[in-house]
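Good morning, colleagues. I should like to speak today about enclosed space inside a protein. Please look at the sequence and the structure as they appear.

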Amino acid sequence: MTGTDVAPPSADRRQWWALVVLALPTFMAAMDITALFLALPHISADLHTSSTQELWITDIYGFLIAGFLVTMGTLGDRVGRRKVLLVGATAFGILSVVAAYSTSPEMLIVVRALLGVAGATIMPSTLAFIMTMFQNPKQMGTAIGVWATSMLAGIAVGPAIGGLLLGAFWWGSVFLIAVPVMLALLIAGPKLLPDIKNPMAGKLDPLSVVLSLLTILPVIYGLKETVSHGWSAVPVLVFVLGLAFGVTFTLRQRRLEHPLLDLSLFGIRTVSGGLVLGLMFAMIQGGMGLLTTQFLQIVGGWSALETALWLLIPAGVMVIGIQLTTPISQKVRPGVVLMTGLVIASAGMFLLTQVEVVGGTALLVIATTVVYLGGSPIGVLVNQVVMGAAPPERMGSAASLQSTGGELGVALGIATVGTIATGFYTNALTLPDNVPADAASAAQESIAGAAAVAGNQTPEVAQAVLTAAQEAFTTALNSTAAICGFAFLALAVLAYTTIHRVAAPTPPPAAPPAGEAGKTADEDALHT
């Protein structure tokens, strides 16, 4: 038997326990993106936030994770993955405590931004550890599936966990839940995780990180301000400036030997199709997730705990759907599975267009469950399709784009879908003449603002403000869901045209022997 015939070593119990240790912080980092959905009304009432501040409180975390994912991956290659992961987990735990006791919107926004930077150390490190510890192809596929499930489950059940905590504690508890998870990582990590480095790591490019953030943040700010307050010179100028930085970022990536994002991968049809599917579904899921939680609380009148229990239904169905994806995709081509799922998800969105102010909870939960069921194959299959279609020497870059797209998609969805809904809400809101000007202004900002100011008015005025805001928000939910329904149908067409010929996915290839000359797929994967 030659050296090439030797089977890759199988993982032992130590590696599987290490996977559990890695899955928990991955779940937590993903959950932190959506866990604030139910806490927003409480934060708004306590810290007196504006709609723009609410946007940044929810969004800045995801933007900073996406902006620093690749940079933290490269830093881990150079100084050691375990060291970067443990330092990041320490910072995440400390910052979570600070966030829980924030005393102003500005303070919470800054701390959430720093949490995003700390969270960026978790995602790339966990995947790099998995590809190092699980060299058997079948076991590696299983481990990556567990990792992807933990990330998707974190995003899906984040609102439910947040609601369960809010049912018993104050809004800061949604941050404190991260502390014991990070503490467990700090205790078990040094014993279970190998200290891996990559001597062939690419160079850090801080300018690319800055340019990516200077693209995303101004574009979102300009879009949000224009929709909320109408056309004015400053938001438009900021928006255009962000686009200019985006062009500069793209040109720089094409010139760099080790780009922050390997945009040339978009030239591979299947890779580009998979990445767009993952990004767009994350956007729609993130944006509509925020709207549905607000509807249940402020329009439906459910408490945070009751809302959490309602949301456990679609979240549970999504987790079950994820587990069923692998056996189904072994018999049916992934493109067909994805296309069918997206059509089902679009049907759920069109059901949401029928939700009404009175008695709309049951239909909203049913519709959301249909959306989550249809979207459940996307996280697992897109990851496998993208990794399988990328050239072996660029697998790491493909995985990096996939991770970045998922995190960025949720943040962009909260911003863009939320902004679209805000536009519909503002246009549909008609307040009685006896509402004071300051209360009317706050109600125009968001439904959370309307609920907050209603408590300071006379019973008659409070009821008028709440009724008008609930009707306007329901109209916004219906209209935004219709747009998302058509978007899902367009994505189904995209899946058919770019992925339908791809064969059933196989687990990623095993890592080549240590010391092999050249930049191997395993080494490149460490950049994720």
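I shall describe the cavities, beginning with the largest.

Please bear in mind that this is a predicted model. Rolling a probe the size of a water molecule over the atoms shows where empty space is left. When the whole structure is searched, five cavities of 30 Å³ or more are found.

The largest cavity has a volume of about 240 Å³. Its lining comprises 20 residues, and those closest to the centre are Lys224, Leu290, Gln294, Gly418 and Thr422. Which elements give two or more residues to this lining? They are helix H3, residues 51-79, helix H12, residues 269-299, and helix H16, residues 395-428. Of these, H16 gives the most, with seven residues. As for chemical character, the lining of the largest cavity divides into 10 nonpolar, seven polar and three charged residues.

I turn now to the second largest cavity, for which the volume is about 80 Å³. Here the lining is formed by Ile284, Gln285, Met288, Gly289, Thr292, Met349, Leu352, Thr368, Val371 and Tyr372. At least two of the lining residues come from each of H12, helix H14 (334-352) and helix H15 (361-389). Which helix gives the most to this lining? It is H12, with five residues. The classes in the second largest cavity are six nonpolar and four polar, with no charged residues.

To close, I would draw your attention to helix H12: it gives two or more residues to the lining of the largest cavity, and it gives the most to the lining of the second largest. Thank you.

Notes. Residues numbered from 1 in each chain as written. Predicted model: local features only at pLDDT ≥ 70, side-chain atom pairs only at ≥ 80, totals over all residues. Heavy atoms only, no water. 1 Å grid on protein atoms, 1.4 Å probe; cavity = no way out; pocket = protein on both sides within 12 Å on 5 of 7 lines; lining within 4 Å. Points joined across faces, edges and corners; volume = space filled by probe spheres on them. Helix = DSSP H or I, 4+ residues; strand = E, 2+ residues; numbered from the N terminus. Nonpolar A, V, L, I, M, F, W, Y, C, P; charged D, E, K, R; others polar.
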